[in-house]
Amino acid sequence: MPSCIATADIADLYGDQEQLSSCDTQFFNYGGKTSFCGEIVTITCFQDNGLVKKTLNSPGNGRVLVVDGHGSVHTALMGDMIAQAGVDNGWAGVVINGAIRDSAAVAEMPFGCKALGTNPRKSAKNGAGDLNTRVTIGGVEFHPGHFLYADADGIVVTPEPIDTH
């Protein structure tokens, strides 16, 4: 598991190089942990959280789930029960290009959560979507197996963990 260092420090390490992948999407912090990092696992889905639930109910090993919900805030892709499964199964956090619900409860959990917004409406539960495909959000390609670093300043992605020693 990588050591979570500040995204601004990572940006300083890269300097003005165009190879720094810094997400332009302005996500809100909803989790009890504002700073989190880990190896990326991706899901692409639309108003259906069945695959999100299944994934967060599997061993996380400190990884971060990136969910491309196509920017829809019409339904929530994660609520408190699914977030708690993520905590219980060792996930560092989630980044959801969509909405969550039960945000007050999620805010109390030792879990990173960034999302576009909230909506109390449930999503479909059919499991429609794709696991571990490359997704692009905010000008950044999120590759399964790359590393995500998130904090109050934003999200950066690197192909390998940052060596802080």
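This is a short tour of a predicted model, going from one strand and its partners to the nonpolar cores and then to the salt bridges.

**Strand 11 and its partners**

Begin by selecting residues 154-158, which make up strand 11, and colour them by accessibility: five of its five residues are buried. If you turn the strand from one side to the other, you will find G154, V156 and T158 on one face and I155 and V157 on the opposite face, and both faces are covered.

Next, add residues 147-151, which form strand 10; this strand runs antiparallel to strand 11, and five bridges join the two. The link between strand 10 and strand 11 is a hairpin of two residues, and to see one of the pairings you can select Y149, whose bridge partner in strand 11 is V156.

Now bring in residues 21-22, which are strand 1, and you will see that this strand also pairs with strand 11 in the antiparallel sense, here over two bridges. Within that pairing, S21 stands opposite V157 of strand 11.

**The nonpolar cores**

Move on to L65 and M78, which touch the most other members of the largest nonpolar core, a group of 22 residues. To follow this core through the fold, select the elements that each give two or more residues to it, namely strand 3 (36-44), helix 2 (50-56), strand 4 (64-68), helix 3 (80-88), strand 5 (93-100) and strand 6 (112-118).

Stay with L65 and show its surroundings: leaving aside residues up to four places away in sequence, L65 touches V41, T42, I43, V52, T55, L56, W91, G93, V94 and V95. Apart from the largest core lies another one, of 16 residues, and its members include I40, L148, A150 and I155.

**The salt bridges**

To finish, look for charged side chains, as the structure holds two salt bridges. Select R101 and D102 for one of them, where the closest N and O atoms are 3.7 Å apart. Are these two residues buried, exposed or partly exposed? D102 has a relative accessibility of 32% and therefore counts as partly exposed, and R101, at 25%, also counts as partly exposed.

Then select R134 and E141, whose side chains meet in a salt bridge with an N to O distance of 3.8 Å. Here R134 is exposed, with a relative accessible area of 55%, whereas E141 is partly exposed, at 37%. As a general point to keep in mind at this stop, side chains of opposite charge can pair when their charged atoms come close.

Notes
Residues numbered from 1 in each chain as written. Predicted model: local features only at pLDDT ≥ 70, side-chain atom pairs only at ≥ 80, totals over all residues. Heavy atoms only, no water. Salt bridge = Lys/Arg side-chain N within 4 Å of Asp/Glu carboxyl O. Buried < 20%, exposed > 50% of the residue type's maximum accessible area, 1.4 Å probe, protein only. Helix = DSSP H or I, 4+ residues; strand = E, 2+ residues; numbered from the N terminus. Pairing = 2+ DSSP bridges. Core = buried A, V, L, I, M, F, W, Y, C linked by side-chain atoms within 4.5 Å. Contact = heavy atoms within 4.5 Å.
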